[in-house]
Amino acid sequence: VQLQASGGGLVQPGGYLRLSCAASGSIFSINAMGWYRQAPGKQRELLAISRSGGRTNYADSVKGRFTISRDNAKNTVYLQMNSLEPEDTAVYHCNAAIKSSSWIEPYNYWGQGTLVTVSS
């Protein structure tokens, strides 16, 4: 199983980006999919989770600005990021709890990370 993240880049303050993360490989089912970020010198921070039942949760730091969504047919999770601030500059990582078979417990997979830079 692989997670491929994309969509990062340079954006001005107040701008927007949409990140994508596609899962591929031996996938039986996907439970939660989420987005984290890690800024230089800081710990990795959980931003948003989308659970298989449709429930979503957000960190207070991004609530109201970021929206997580999923396309289950494409095994893809998105993060729409609006009103970006310089403090949002970080490497963004996707994560997914994936079962490769019905009798195997979900395993946490990570994408490679995509850099988001918010600067004028």
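In this predicted model, Ala22 has Thr76 of β8 as its bridge partner. The two strands concerned, β3 and β8 (residues 76-81), run antiparallel and are joined by 6 bridges. Strands of a sheet pair through backbone hydrogen bonds, and this can be in a parallel or an antiparallel way.

Both β3 and β8 belong to an open sheet of 4 strands, whose order is β1-β3-β8-β7 and whose pairing is antiparallel. The edges of this sheet are β1 (2-6) and β7 (66-71), each of which pairs on one side only. On average, and with direction ignored, neighbouring strands of the sheet are turned by 15 degrees against each other.

**Strands β4, β5 and β6**

Strand β4 is joined by 5 bridges to β5 (residues 45-50), and the two run antiparallel. Within this pairing, Trp35 has Ala48 in β5 as its bridge partner. The hairpin of β4 and β5 has 6 residues between the strands, and Gly41 in this hairpin takes a positive phi near 80 degrees.

Strand β5 is also joined to β6 (residues 56-58), by 3 bridges, and these strands run antiparallel. Ala48 is again involved here: Tyr58 in β6 stands opposite Ala48. In the hairpin of β5 and β6 there are 5 residues between the strands, and Gly54 takes a positive phi near 105 degrees.

**Salt bridges**

The count of salt bridges comes to 4. The table gives three pairs, with the separation of the N and O atoms.

| Pair | N to O distance |
|---|---|
| Glu45 and Arg37 | 2.9 Å |
| Arg37 and Asp88 | 2.8 Å |
| Lys63 and Asp60 | 3.3 Å |

The pair of Arg37 and Asp88 links distant parts of the chain: Arg37 is in strand β4, Asp88 is in the loop between β8 and β9, and they are 51 residues apart. Both Arg37 and Asp88 are buried. Arg37 has a relative accessible area of 7%, under the 20% limit, and therefore counts as buried. Glu45, which shares a salt bridge with Arg37, is partly exposed because its relative accessible area of 27% lies between the limits of 20% and 50%. A network of salt bridges links Arg37, Glu45, Arg65 and Asp88. In the pair of Lys63 and Asp60, both residues are exposed.

**Lys99 and Ser26**

Lys99 is found in strand β9, which covers residues 90-99. Is Lys99 buried or exposed, and which side chain of opposite charge is nearest? Lys99 is buried, and the nearest such side chain is that of Glu105, 5.8 Å away. Lys99 has no salt bridge, because a salt bridge requires a side-chain nitrogen and a carboxyl oxygen within 4 Å.

Apart from neighbours within four places in sequence, Lys99 is in contact with Ser26, Ile27, Phe28 and Ser29, and also with Ile104, Glu105 and Pro106. Glu105 is thus one of the contacts of Lys99, although the two form no salt bridge.

Ser26 lies in the loop between β3 (17-24) and β4 (29-38). With residues up to four places away in sequence not counted, Ser26 touches Val1, Lys99 and Ser100. Ser26 and Ser100 are 74 residues apart along the chain, and their C-alpha atoms are separated by 5.4 Å. Ser26 has a relative accessible area of 46% and so counts as partly exposed, the limit for exposed being over 50%.

**Aromatic pairs**

How many aromatic pairs does a search of the whole structure find? The search finds 2. One of them is formed by Tyr107 and Tyr109: the ring centres are 4.9 Å apart and the planes stand at 65 degrees, so the pair is edge-to-face, a term that applies over 60 degrees. Tyr107 is exposed, because its relative accessible area of 53% is over 50%. Tyr109, at 19% relative accessibility, counts as buried because the value is under 20%.

Terms used
Residues numbered from 1 in each chain as written. Predicted model: local features only at pLDDT ≥ 70, side-chain atom pairs only at ≥ 80, totals over all residues. Heavy atoms only, no water. Buried < 20%, exposed > 50% of the residue type's maximum accessible area, 1.4 Å probe, protein only. Lys, Arg positive; Asp, Glu negative; His and termini not counted. Contact = heavy atoms within 4.5 Å. Pairing = 2+ DSSP bridges. Axes fitted to C-alpha atoms, helices over the stretch in contact; angles between N-to-C directions. Phe/Tyr/Trp six-rings, centres within 6.5 Å; stacked < 30°, edge-to-face > 60°.
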